Amino acid sequence: MTHYTLELTETELACGVTLEQVADVLPRVLVRDGRLFLPANTPPALGNAVARCVFAGEPHTFSGFALGMPVYRLA
């Protein structure tokens, strides 16, 4: 079992993101070659929180969409 540590930012909290939402999305992501593919229609604030968790706080950036899925990559 993998354990993650994440503290939501003020912006994420203001957008209504919860740790439960992050935990729900985590098993549905795909990570390949330093890129994170999220489920389609993932809100930006939630996507950023998931990316911070997956990339363990490493600098990352939103890089666009692939087949309707938001994609983040390591910076």
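Visitor: Does aspartate 33 count as buried or exposed?
Guide: The model is predicted, and the label rests on relative accessibility computed from it. Buried would need a value under 20%, whereas exposed needs one over 50%. Aspartate 33 has 75% relative accessibility, so it counts as exposed.

Visitor: Where is aspartate 33 found?
Guide: Its backbone has a positive phi of about 50°, although aspartate 33 is not a glycine. As for its place in the chain, aspartate 33 is in the loop between β1 and β2.

Visitor: What is the phi of asparagine 41, which is not a glycine?
Guide: Asparagine 41 sits in the loop between β2 and α3. The residue is exposed, with a relative accessible area of 76%. Its phi is positive, at about 70°.

Visitor: What is the order of the four strands in the open sheet?
Guide: The pairing in this sheet is antiparallel. Its edge strands, each paired on one side only, are β1 (30-32) and β3 (60-66). Read across the sheet, the order is β1-β2-β4-β3.

Visitor: By how much are neighbouring strands of this sheet turned against each other on average?
Guide: Strands of a sheet pair through backbone hydrogen bonds, either parallel or antiparallel. The value here ignores direction, so antiparallel neighbours are treated as lines without a sense. The average turn between neighbouring strands is 25°.

Visitor: Which residue in β2 stands opposite leucine 30?
Guide: β1 and β2 (residues 35-37) run antiparallel and are joined by three bridges. Opposite leucine 30, in β2, stands phenylalanine 37.

Visitor: At what angle does helix α3 run to β4?
Guide: Helix α3 covers residues 44-54, and β4 covers 69-74. The helix lies across β1, β2, β3 and β4. Its angle to β4 is about 40°.

Visitor: How many disulfides does a search of the whole structure find?
Guide: A disulfide needs two cysteine sulfur atoms within 2.5 Å. The sulfur of cysteine 15 is 18 Å from the closest cysteine sulfur, in cysteine 53, which is too far for a bond. Cysteine 53 is likewise in no disulfide. The number of disulfides found is zero.

Visitor: What is the relative accessible area of cysteine 53?
Guide: Cysteine 15 is exposed, with a relative accessible area of 54%. Cysteine 53, in contrast, is buried, and its relative accessible area is 7%.

Visitor: Which residue does arginine 52 meet in a salt bridge?
Guide: The search of the whole structure finds two salt bridges. In the one with arginine 52, N and O are 2.8 Å apart. Arginine 52 lies in helix α3 and its partner in helix α1 (residues 10-14), so the pair ties together parts that are 40 residues apart in sequence. That partner is buried, with a relative accessible area of 2%, and is glutamate 12.

Visitor: How far apart are the closest N and O atoms of arginine 28 and aspartate 24?
Guide: Arginine 28 counts as partly exposed at 48% relative accessibility. Aspartate 24 also counts as partly exposed, at 48%. The two form a salt bridge, for which N and O must be within 4 Å. Their closest N and O atoms are apart by 3.3 Å.

Visitor: Which helix gives the most residues to the largest nonpolar core?
Guide: The core has 16 residues, of which Val17, Val22, Leu36 and Val50 touch the most other members. Both α2 (19-25) and α3 supply at least two residues each. With six residues, the helix that gives the most is α3.

Visitor: Which residues is valine 17 in contact with, leaving aside its neighbours within four places in sequence?
Guide: Valine 17 is one of the core members that touch the most others. With those sequence neighbours left aside, its contacts are Leu8, Glu12, Val22, Ala45, Leu46 and Ala49.

Visitor: What is the C-alpha to C-alpha distance between glycine 47 and threonine 5?
Guide: Glycine 47 is in helix α3 and counts as buried at 1% relative accessibility. Leaving aside neighbours within four places in sequence, glycine 47 is in contact with Leu38, Thr42 and Tyr72. Threonine 5 is 42 residues from glycine 47 in sequence, and the distance in space is 16 Å.

Methods:
Residues are numbered from 1 along each chain as its sequence is written. This is a predicted model: local features need pLDDT of at least 70, side-chain atom pairs count only at pLDDT 80 or more; totals for chains, interfaces and linings use all residues. Side-chain values use heavy atoms; hydrogens and water are left out. Two strands pair if DSSP finds at least two bridges between them. Axes are lines fitted to C-alpha atoms, for helices over the stretch in contact, and angles run from 0 to 180 degrees between N-to-C directions. Contact means heavy atoms within 4.5 Å. Buried means under 20% relative accessible area, exposed over 50%, partly exposed in between (1.4 Å probe, protein chains only). A salt bridge is a side-chain nitrogen of Lys or Arg within 4 Å of a carboxyl oxygen of Asp or Glu. A nonpolar core is a set of buried Ala, Val, Leu, Ile, Met, Phe, Trp, Tyr and Cys residues joined through side-chain atoms within 4.5 Å.
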